[in-house]
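Dear colleague,

Please find below the structure that I am handing over to you. My findings follow directly after it.

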Amino acid sequence: MPAGKNVLSIQSHVTHGYVGNKAATFPLQLHGFDVDGVNTVSLSNHSGYPVIRGHRMDLEEFNTILDGLRANGFLPGYSHILTGYINNVDIVRHVAATVAEVRELRKKAGESDVAFFCDPVLGDDGKLYCKEEVVEAYRELVAHADVATPNYFEASLLSNVQVQDMPSAVQAADWFHAQGTATVIIKSFALKEDPTHLHFLLSCRDKASGATKRYTGVVPYHEGRYTGTGDVFAAALLAFCHTDPIDVAVGKAMGVMQDLIVATIKRGGSGEATLNSRELRVTDHPQSLLQPTAVFPLTLLS
């Protein structure tokens, strides 16, 4: 991972609650990262509520923000780029050019390569959160990512492999590798024989040798829907990858998510609770964001 701790985070922003940049910034700052957010939407709250108000960024505004960062010489300073919810096909496609530009500027400056963490926020549990054409744009974007963190539904949409067990998750991961993504974590798929846990796959391919290492693990399943979990996971993963091997970083990031979900449930956000009570308690236990209660072990697949 790059030596610097400066993140360009391109994803959504909400005034109320914790999704997108609102969910990702605090954990990263606790780990000592500076986070510059480009807010692809600026909304009153996430779209699960009955009323939503705000502003959605278009490509012209995105380019205006990037022009300001470019003119002030900020772009070479970003050691990491993190993307989440975008839902604008033009901006998704432009992110690849932004990543390429930062890489070239850092190379000229003699800096280490930028690390691009791509969370392809498309939907969950069979529900699409974005326009259909955005899916195709993300198929192109993941080719530029060092790390991709789709949930099982997003991995299925992108790879056209229905992720429903470990063999199909491996097949979907191979699709990401074939596009050029070195590391992919496919999250949150349930197995019929194990309804009390969610399984995940970490797949790492060395681009030089083509050798692939795969790890798997499980976390407890908690009833209810908790928005922002993927956004916090990607941010926590980026933070832990700065100091830990990827398999340890994934286990720690999974631990962070479990701590946040349990804290949210304890505050009354389980089952059929109100949307507001299920907002992740991101700021309740800062120590858990730095060192989770449990680090979930990963097993190397043969």
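Helix α1 is followed by G32, a residue with a positive phi, near 90°. The model is a predicted one. Helix α1 itself spans residues 20–30, and its buried residues are G20, N21, A23, A24, T25, P27 and L28. These buried residues pack against three strands, namely β1 (6–14), β2 (34–43) and β4 (80–83), and against the helices α7 (229–241) and α9 (286–290).

Two further residues with positive phi deserve a note, since neither is a glycine. N87 has a phi of about 55°, and N160 has one of about 60°. N87 is located in the loop between β4 and α3, whereas N160 belongs to the loop between α5 (152–159) and α6 (166–179). Their surroundings are as follows. N87 counts as buried because its relative accessibility, 14%, is under the 20% cut-off. N160 has a relative accessible area of 65%, which is over 50%, and is therefore exposed.

The loop between β4 and α3 (89–108) also holds N88. With a relative accessibility of 16%, again under 20%, N88 is classed as buried. What does the side chain of N88 reach at 2.9 Å? The partner is the backbone nitrogen of D90. The same side chain, that of N88, also reaches the backbone nitrogen of I91, at 3.0 Å. Leaving aside residues up to four places away in sequence, N88 touches M57, D58, L59 and V134.

I91 is placed in helix α3. Its relative accessible area is 0%, so I91 is buried. Not counting residues up to four places away in sequence, the residues touched by I91 are M57, D58, L59, F62 and I86. M57, D58 and L59 are thus contacts of N88 and also of I91. As for E60, it is 31 residues from I91 along the chain, and the C-alpha atoms of the two are separated by 9.2 Å.

A buried polar residue is found in helix α8 (residues 246–266), namely T264. The relative accessibility of T264 is 0%, and T264 therefore counts as buried. The side chain of T264 reaches the backbone oxygen of L260 at a distance of 2.8 Å.

For your own work, the pocket results may be of interest. The largest pocket has a volume of about 1,400 Å³. Its lining is formed by 48 residues, and those nearest the centre of the pocket are D124, Y129, Y226, T227 and T229. By class, the lining of the largest pocket comprises 21 nonpolar, 16 polar and 11 charged residues.

Finally, I turn to the database record. An unreviewed UniProt entry carries the annotation "domain: Pyridoxamine kinase/Phosphomethylpyrimidine kinase", which covers residues 106–268. In the model, the C-alpha atoms at the two ends of residues 106–268 lie 47 Å apart. This span, residues 106–268, is 42% helix and 25% strand.

Yours faithfully

Methods:
Residues are numbered from 1 along each chain as its sequence is written. This is a predicted model: local features need pLDDT of at least 70, side-chain atom pairs count only at pLDDT 80 or more; totals for chains, interfaces and linings use all residues. Side-chain values use heavy atoms; hydrogens and water are left out. Buried means under 20% relative accessible area, exposed over 50%, partly exposed in between (1.4 Å probe, protein chains only). Helices (H or I, at least four residues) and strands (E, at least two) are DSSP runs, numbered from the N terminus. Contact means heavy atoms within 4.5 Å. A polar contact is a pair of N or O atoms within 3.5 Å; within protein, one must be able to donate a hydrogen and the other to accept it, and residues adjacent in sequence count only if both atoms are side-chain atoms. UniProt positions are given in the numbering used here, feature names are shortened, and annotations may be inferred rather than shown by experiment. On a 1 Å grid over the protein atoms alone, a cavity is a set of points where a 1.4 Å probe fits but cannot get out, and a pocket is an open set with protein on both sides within 12 Å along at least five of seven lines; lining residues have an atom within 4 Å of a point. Grid points are joined across faces, edges and corners, and a volume is the space filled by probe spheres set on the points. Ala, Val, Leu, Ile, Met, Phe, Trp, Tyr, Cys and Pro count as nonpolar, Asp, Glu, Lys and Arg as charged, and the others, Gly among them, as polar.
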